[in-house]
Amino acid sequence: MKKHLIAAMFAATMLGTAAQAGGLDSLLGDKNKMGAVSDLVSAATISDSDLKNVTQQYVASSDKKEKVAPAKDKYAKRLAKLVAKHQNEDGMKLNFKVYLSPTVNAFATADGSVRVYSGLMDLMTDDELRAVIGHEIGHVKLTHSLNAMRTAYLASAGRNLAASQGGGIKQMAESDLGALSEALLNNSFSRSQETDADDYGFAFMQKHKYPPAAMESAFRKLAGDGGKQTGLDAMLSTHPDPEKRANRVKDKMAGK
C-alpha cells in the first residue's frame, strides 16, 4: 500500500505540474487530457497481480516477435537441461525459453519468464549460463523486475494502458505493448539492484553446488573482447561494469 500511495502522490504531482503549465481550467475542459490523467493515476496505483497480467501480455508479444527455439532445437535442449531443477525456484514458478538471435543478452520478467538469447549461450559455458540465469532470477525474487515494469507502465500511461472499471486489465494493443517495451528498454536497473542480484546469483550458485567462480568468468567474458565481438551492447546497457562485478565476485569467493 505504501508504494501505491507514493505512486499516486507522484501522479498527483504530475497533474499539478500540468495544471500550472496549461491552466487548470484548460486541463479540466479537455476530455483527452483528462483521460490521460486518469490513465496516469490508474497506472500509478495498479496492483501487483494486475501488473503481472500486463507482464504476461508483454512476454507473449516478445515471444511472437522473437524467434523462439523449438523444443527439439539444440539451444532449447541445452537450456532445458541446465534449468531442469529450477522450474520452481525459491518459491517462484519459472518458465524458460531461448531466443534464436546473436544478441548477447538474457532477461527475466515479473511473471517468472526467463529468456536467454542464443548469442549469450554461444559465449558461455554451462556453469556461466547458470550464473547469469541465477542473477536474472534474483531480479524477479527481489521484485526489481516488478518495479521496473511498474515504472515502464507509468511512463506509458498516456497510451490508454489504464485498468478497466471492473478492476481487471484491458488486453493491450500492439501499439501499447510497443510503447511499454520502449519504456522498459529505457529503464535499466540501478547499481544497487545489480549488486543485490549479483549476490542472489552467487548464493544461487552455492545453494545448488555450482562453482561460484563461473560467475566471475562470465563477467570477465562480458567485459572482454569476446563479448564485444558478439553484439554485447544490449547486455552492457542493462548490466553495466562487468569487470568491477567480476572483481567483486572474486573478493566474495576469497571471503572479503
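Let us start where two helices meet: α8 and α9 cross in a right-handed way. This is a predicted model, so please read everything below as a description of a prediction. Helix α8 covers residues 144-155 and helix α9 covers residues 174-185. In general, two packed helices are described by the angle between their axes and the distance between the axes. Here the angle is about 125° and the axes are 8 Å apart. Angles of 65 to 115 degrees would count as roughly perpendicular and those over 145 as roughly antiparallel, and α8 and α9 are therefore oblique to each other.

Which residues of α8 and α9 meet? From α8 come Ala148, Met149, Ala152, Tyr153 and Ala155, while α9 brings Leu180, Ala183 and Leu184. The make-up of this contact is easy to remember, with eight nonpolar residues, no polar ones and no charged ones.

Helix α9 also has a contact with helix α4, which spans residues 48-65. The axes of α4 and α9 come within 10 Å and cross at roughly 95°. That angle makes α4 roughly perpendicular to α9. On the α4 side, the contact is made by Val54, Gln57, Tyr58, Ser61 and Lys65. On the α9 side, you can look for Glu174, Leu177, Leu180, Ser181 and Leu184. The contact of α4 with α9 has five nonpolar, three polar and two charged residues. Notice two familiar names here: Leu180 and Leu184 take part in the contact with α4, and Leu180 and Leu184 are also in the contact with α8.

While you are looking at α4, find Lys52, which sits in this helix. Is Lys52 buried, partly exposed or exposed? With a relative accessibility of 37%, Lys52 counts as partly exposed. Leaving aside neighbours within four places in sequence, Lys52 is in contact with Ala110, Asp111 and Leu146. Lys52 also shows how folding can bring distant parts of a sequence together: Lys52 and Arg150 are 98 residues apart in sequence, and their C-alpha atoms are 9.6 Å apart in space.

Now step back to the whole protein. There are 14 helices and five strands. Of the 256 residues, 46% count as buried. Among the contacts with a separation of 6 or more, residues 24 or more positions apart account for 69%.

Some of the buried residues form nonpolar cores. The largest nonpolar core has 37 residues, and Leu79, Val116 and Leu120 touch the most other members. Helix α7, residues 126-141, gives the most to this core, with six residues. Another core lies apart from the largest one and has 15 residues, including Val59, Ala110, Met172 and Leu180. So Leu180, which you met in the contact of α9 with α8, belongs to this core of 15 residues.

Loops are worth a visit too. Val83 lies in the loop between α5 (74-82) and β1 (88-89). Although Val83 is in a loop, its relative accessible area is 2%, and Val83 is buried. Beyond residues up to four places away in sequence, Val83 touches Phe96 and Ile133. The C-alpha atoms of Val83 and Asn95 are separated by 9.3 Å, and these two residues are twelve apart along the chain.

Two other loop residues invite a look at the backbone. Most residues other than glycine have a negative phi. What is the phi of Thr143? The value is near 65°, which is positive in a residue other than glycine. Thr143 lies in the loop between α7 and α8 and is partly exposed, with a relative accessible area of 34%. Lys209 likewise has a positive phi, near 60°. Lys209 lies in the loop between α10 (191-207) and α11 (213-223), and Lys209 is exposed, with a relative accessible area of 75%.

Our last stop is α10 and its contact with helix α14, residues 242-253. The axes of α10 and α14 come within 11 Å and cross at roughly 45°, and the two helices are therefore oblique to each other. Their crossing is right-handed. Helix α10 contributes Glu194, Thr195, Asp198, Asp199 and Phe202, and α14 contributes Arg245, Arg248, Val249, Lys252 and Met253. By class, the contact of α10 with α14 has three nonpolar residues, one polar and six charged.

Conventions. Residues are numbered from 1 along each chain as its sequence is written. This is a predicted model: local features need pLDDT of at least 70, side-chain atom pairs count only at pLDDT 80 or more; totals for chains, interfaces and linings use all residues. Side-chain values use heavy atoms; hydrogens and water are left out. Axes are lines fitted to C-alpha atoms, for helices over the stretch in contact, and angles run from 0 to 180 degrees between N-to-C directions. Helices (H or I, at least four residues) and strands (E, at least two) are DSSP runs, numbered from the N terminus. Angles under 35 degrees count as roughly parallel, over 145 as roughly antiparallel, 65 to 115 as roughly perpendicular and the rest as oblique. A crossing is left-handed if the near helix is turned anticlockwise from the far one by less than a right angle, and right-handed if clockwise. Contact means heavy atoms within 4.5 Å. Ala, Val, Leu, Ile, Met, Phe, Trp, Tyr, Cys and Pro count as nonpolar, Asp, Glu, Lys and Arg as charged, and the others, Gly among them, as polar. A nonpolar core is a set of buried Ala, Val, Leu, Ile, Met, Phe, Trp, Tyr and Cys residues joined through side-chain atoms within 4.5 Å. Buried means under 20% relative accessible area, exposed over 50%, partly exposed in between (1.4 Å probe, protein chains only).
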